[in-house]
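Subject: Structure handover

Hello,

Here is the structure I promised to pass on. Please open it alongside this email, and my notes follow below.

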Amino acid sequence: MKENVKLKIKEALSSIIPITLIVAILSFTITPLATDVIVEFIIGAIMLVIGTGFFTLGAEMSMSIIGERIGADIAKRKNIFLILAILIILGTVVTIAEPDLKVLAEQITSVPSNLIIGIVGLGVGVFLAIAFLRVVLKIKLKYALLFFYSIVFVLAFFVPKEFLAMAFDSGGATTGPMAVPFIIAFGIGISSIRSEKNSESDSFGMVALCSIGPILSTMILGMVYKITNFEYTNRTYSTYANTKEIAEAFVQNLPNYFGEVVIALLPIIIFFIIYQLAVIKMSKKELFKVFIGCFYEFIGLTLFLLGANVGFLQIGSLIGMKLAEIGNDFLIIAIGALLGYFVVIAEPAVEVLNKQISDITDGAIPEKAMKKSLSIGVSIALVISMIRVLTGIPILYFLLPGYLIALILAFVGDDIFTAVAFDSGGVASGTMASAFLVPFAIGVSEGIGGNVLSDAFGVIAMVAMAPIVAVQISGLIYKLKSKKLQKKNEVGGNEEQIIEVEWMWENA
């Protein structure tokens with residue numbers, strides 16, 4: 001067990017070091033910052049490394065197993081109405097507990113944060129049920145995506161522009177470190193009892209559909225909830241006289257994130273215990289592993305949220321404001337691209353997604369290749385986001401053609417890549433996007449005197465969209481090259497084919 005923890009922390013260290021180095025270089029060169037802010041950031045980075053290591057190990061040991069077992073059992077049930085009711089409740093509970101959603105909801109004071117959280121949670125619950133129906137009715141994911149995104153973009157023209165960016169952001173904020181391991185494993189559990197040709201691709205796509213629910217529910221809220229004054233809660237920046245005050249800042253915030261993680265984990269654990277006692281009845285050995293995993297998740301997520309929100313949140317905004325003061329638009333865009341490339345690697349939910357994709361495809365889609373595709377996609381998203389912040393171009397001008405391209409690619413490529421791609425969009429826009437990239441965009445917007453609500457918000461939406469296109473393009477390249485490889489190696493052995501397929505992915 002100790003070796004597994006060390007391995008996960010080592011993996012987390014290699015993921016978080018790049019973004020830490022970028023911030024350090026910026027703070028010592030073109031965006032000089034106070035010493036206390038740098039020390040706070042370094043402490044936060046250490047917490048992120050330890051937290052990510054424990055979280056990813058815990059997710060493998062607990063949430064993935066819980067989701068898969070419940071999914072497999074539910075798929076065998078005959079009472080469809082009872083199943084849908086359970087799924088709506090389960091999806092709502094998991095989402096309401098999502099820390100990323102709380103961060104997003106508290107950014108606007110015009111609408112009660114609990115109302116936003118409740119509406120978004122209900123949206124996820126309803127679409128988790130819809131995602132289950134899609135699998136049961138054997139509806140291809142691309143048709144479901146085309147149908148629901150068509151509704152999204154029609155409604156988008158009737159939603160206030162300040163609310164629109166928030167609506168699209170909510171789709172990414174709901175698929176964070178708590179929801180992703182559970183939803184993906186739930187999909188695997190459902191497909192595991194099927195032997196049809198499309199069962200593999202059906203094991204993915206749950207996250208993709210669950211990301212649409214919050215967008216639609218928030219849009220509807222924006223149209224029916226009469227708001228006369230949109231407001232943005234300005235962030236106050238902390239200063240410290242010495243290192244003791246910095247330590248006290250982390251200690252004082254610890255109970256808040258301790259409580260958030262308890263709220264996040266407890267409903268799921270209680271639901272699992274009830275389901276375990278009534279239905280699935282896992283062995284004592286399996287139960288012990290699940291609860292140890294939950295304990296690791298508790299430690300990891302608490303440290304991760306504390307490090308991200310206390311150590312990263314402030315420095316992201318300050319760097320953005322400093323860059324805006326320089327007045328070099330190209331520099332802002334270039335640094336945004338660099339940050340986007342490396343920030344997504346630090347997302348704990350990305351590690352969970354990459355491993356499960358590699359496992360379910362027997363290594364045909366290597367973790368390394370998935371990371372590269374996601375990083376490129378998010379880097380492009382930050383370029384577009386910085387252009388939006390600097391110019392004030394409406395978000396629909398980018399989202400509409402972006403999703404149109406994504407849906408066209410869905411009908412060109414393989415179903416498995418479509419499902420993986422749309423899942424990756426929700427996963428990439430997790431805690432690090434909320435805690436670092438959004439503050440960075442807000443800092444730039446405040447620095448140039450822009451409209452924060454309509455321009456800076458929407459970063460999560462862009463981060464969610466870009467990987468969808470990037471991964472599908474990778475899948476299309478894979479499809480074309482694999483056809484050539486099949487002809488070339490018709491007489492060759494399987495081992496040689498696997499090696500060459502992995503090489504193709506790494507060089508795609």
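Met 321 counts as partly exposed because its relative accessibility is 23%, and the partly exposed class runs between 20% and 50%. Please bear in mind that this is a predicted model. Met 321 sits in helix α14, which covers residues 284-326. Look at Val 444 next. Its C-alpha lies 4.9 Å from the C-alpha of Met 321, yet 123 residues separate the two along the chain.

Now the confidence. Mean pLDDT for the protein is 79. Residues at 70 or more make up 83% of the protein. Which elements have the lowest and the highest mean pLDDT? The lowest is helix α23 (residues 494-506), at 48. The highest is helix α7 (residues 141-155), at 92. Residues 496-505 have pLDDT below 50. In the model, that stretch still has 23 contacts beyond near neighbours in sequence.

Next, the cavities. There are 4 of 30 Å³ or more in the structure. The largest holds about 100 Å³ of space. Its lining consists of 14 residues. Nearest the centre are Tyr 149, Ser 211, Ile 215, Tyr 403 and Ala 464. Three helices are listed as giving two or more residues to this lining: α8 (161-173), α19 (415-428) and α22 (459-488). What classes of residue line the largest cavity? The lining has 9 nonpolar and 5 polar residues, and no charged ones.

One of those central residues deserves its own look. Ser 211 lies in the loop between α11 (206-210) and α12 (212-224). Is Ser 211 buried or exposed? Ser 211 counts as buried, because its relative accessibility is 8% and the cut-off for buried is under 20%. Leaving aside residues up to four places away in sequence, Ser 211 touches Gly 171, Thr 175 and Gly 426.

Last, a helix to check by eye. Helix α6 spans residues 113-136, 24 residues in total. From first C-alpha to last, α6 reaches 35 Å. That is close to the 34 Å expected at 1.5 Å a residue. After α6 comes Lys 138, with a positive phi near 60°.

Best wishes

Conventions:
Residues are numbered from 1 along each chain as its sequence is written. This is a predicted model: local features need pLDDT of at least 70, side-chain atom pairs count only at pLDDT 80 or more; totals for chains, interfaces and linings use all residues. Side-chain values use heavy atoms; hydrogens and water are left out. On a 1 Å grid over the protein atoms alone, a cavity is a set of points where a 1.4 Å probe fits but cannot get out, and a pocket is an open set with protein on both sides within 12 Å along at least five of seven lines; lining residues have an atom within 4 Å of a point. Grid points are joined across faces, edges and corners, and a volume is the space filled by probe spheres set on the points. Helices (H or I, at least four residues) and strands (E, at least two) are DSSP runs, numbered from the N terminus. Ala, Val, Leu, Ile, Met, Phe, Trp, Tyr, Cys and Pro count as nonpolar, Asp, Glu, Lys and Arg as charged, and the others, Gly among them, as polar. Buried means under 20% relative accessible area, exposed over 50%, partly exposed in between (1.4 Å probe, protein chains only). Contact means heavy atoms within 4.5 Å. The expected span of a helix is 1.5 Å times one less than its number of residues. pLDDT is the predictor's confidence in each residue, from 0 to 100.
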